[in-house]
Amino acid sequence: MKIEKLSNEHKEATWQFLMKHAYSSMFLLNNIDKTGLNYTGELYSGEYWAAFDDKGEVKGVIAHFWNGNLMVQAPEQDALAALTTYFLKHANRPIAGMVGDGEQTLYVLDQLGLPNEAYITNRSEGLYQLALEDLQLPDKALAEHFKLIPTSAADTQLLFDWLKAYELEAFGGEPSEEHDEHIRNRVSQMQEGDFAWVLLNDGEPVSLSGFNATLPEIVQVGPVWTPPEHRNNGYARITVALTLTAARASGAQKSVLFTDHPAAAKAYEAIGFKENGSFHIALLKDAVEMSKEPTSA
C-alpha cells in the first residue's frame, strides 16, 4: 500500500473514489469541490493523503483541514491502517477533532490514544439516507400560515442566538467570547450563502434548517434547530421537508443527515429518511500536536 500526498492533479481519481461512498463523505466532497486538494489555509481547504494499491487505484483518503479537524474515508482495513500510521507519523499541525464514518473514525481515534476527558464531545450518531423522490411532505407543510425565508432575510441577532444555543446543546462546551466570534462568522457565512432557511408561522420565526455540505446531486442536512419554546409542533420536519423540496426542484436527487436524538430521528423518519450506518463526531477541548507513531496498528 503506497501513501502519497495529494494535489489537484489527483482530483478526478479522488473524486471518483469518494463518490462511491458519498453518504459518509459529504464533508470531504464538499470541501474538495470548494477549494480543491491543494492546502492554502483558507476556509474549507485541507491537506489530503491517499492510499494506492499496486494498480495505482485509490483505496482510501485521509484529510486534515484548515480548522484542525480530520476526516477519513477508507473502507478497507489495510488502507485505513496504513493511512492512519502515515498521518500520525507526519502530522505537522494540531488536531482539533474528527468527524466521519463511525467505524473508521473510531479506529483513528483509538490510534490517537487521547483520554475521554480531552473531548468536548465524542459520540456516534445514526446516518440517515433519503432518495428525494421518496420525500414525504407533511400535510400541513403547505398551509398558508407557513413561509420559508432564506437566512439572508432573517434577523441577524436571532440567527446568532439560535446557532449559539444549537452548538452548545449539540456539542457541549461553555459560552465564551471565542465561541461567540465563531458563531458570528457562521451567521455571516450563512447569510451570504444560499444554504439555510427559517420557517415562519404567521410571521413568527419558529425553526431553522440548512445544508452543511452540498453537491449538485446530494445535499447533507444541518444544522436543524427549533428553540425549546417551539418544540413538539412538528416545525423541524416541516422545515427540513420544505428545504429538501426546494433542493429537489434544483436537481438534487439524494439527501443524508446524522443525529443521535430520538425525537429528531422520529421526525426525519416521518418524512422518509432511513438509518443506514453511523457517523462519528469527536471534538477536542484543546487542539493537540500529534507527531508520533500510533499506539497500535
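**Two hollow spaces and their linings**

Among the elements of this predicted model, α1 contributes the most to the lining of the second largest pocket, namely three residues. This pocket has a volume of about 190 Å³. Its lining consists of Ala 13, Gln 16, Phe 17, Lys 20, His 21, Glu 57, Val 58, Lys 59, Pro 75 and Glu 76. Two or more of these residues come from each of α1 (11–19) and β3 (58–65). In chemical character, the lining of the second largest pocket is mixed: four residues are nonpolar, two are polar and four are charged.

The next subject is the enclosed space of the model. How many cavities of 30 Å³ or more are there? The count comes to one. The largest cavity has a volume of about 40 Å³, and the residues around it are Ser 24, Ser 25, Met 26, Phe 27, Leu 28, Met 71, Val 72, Val 99, Gly 100 and Phe 279.

Which elements supply at least two residues of this lining? They are α2 (26–35), β4 (69–73) and β5 (95–101). The element that gives the most to the lining of the largest cavity is α2, with three residues.

The character of the cavity lining may now be considered. Seven of its residues are nonpolar and three are polar, while none is charged. In the lining of the second largest pocket, by contrast, four residues are charged.

Key:
Residues numbered from 1 in each chain as written. Predicted model: local features only at pLDDT ≥ 70, side-chain atom pairs only at ≥ 80, totals over all residues. Heavy atoms only, no water. 1 Å grid on protein atoms, 1.4 Å probe; cavity = no way out; pocket = protein on both sides within 12 Å on 5 of 7 lines; lining within 4 Å. Points joined across faces, edges and corners; volume = space filled by probe spheres on them. Helix = DSSP H or I, 4+ residues; strand = E, 2+ residues; numbered from the N terminus. Nonpolar A, V, L, I, M, F, W, Y, C, P; charged D, E, K, R; others polar.
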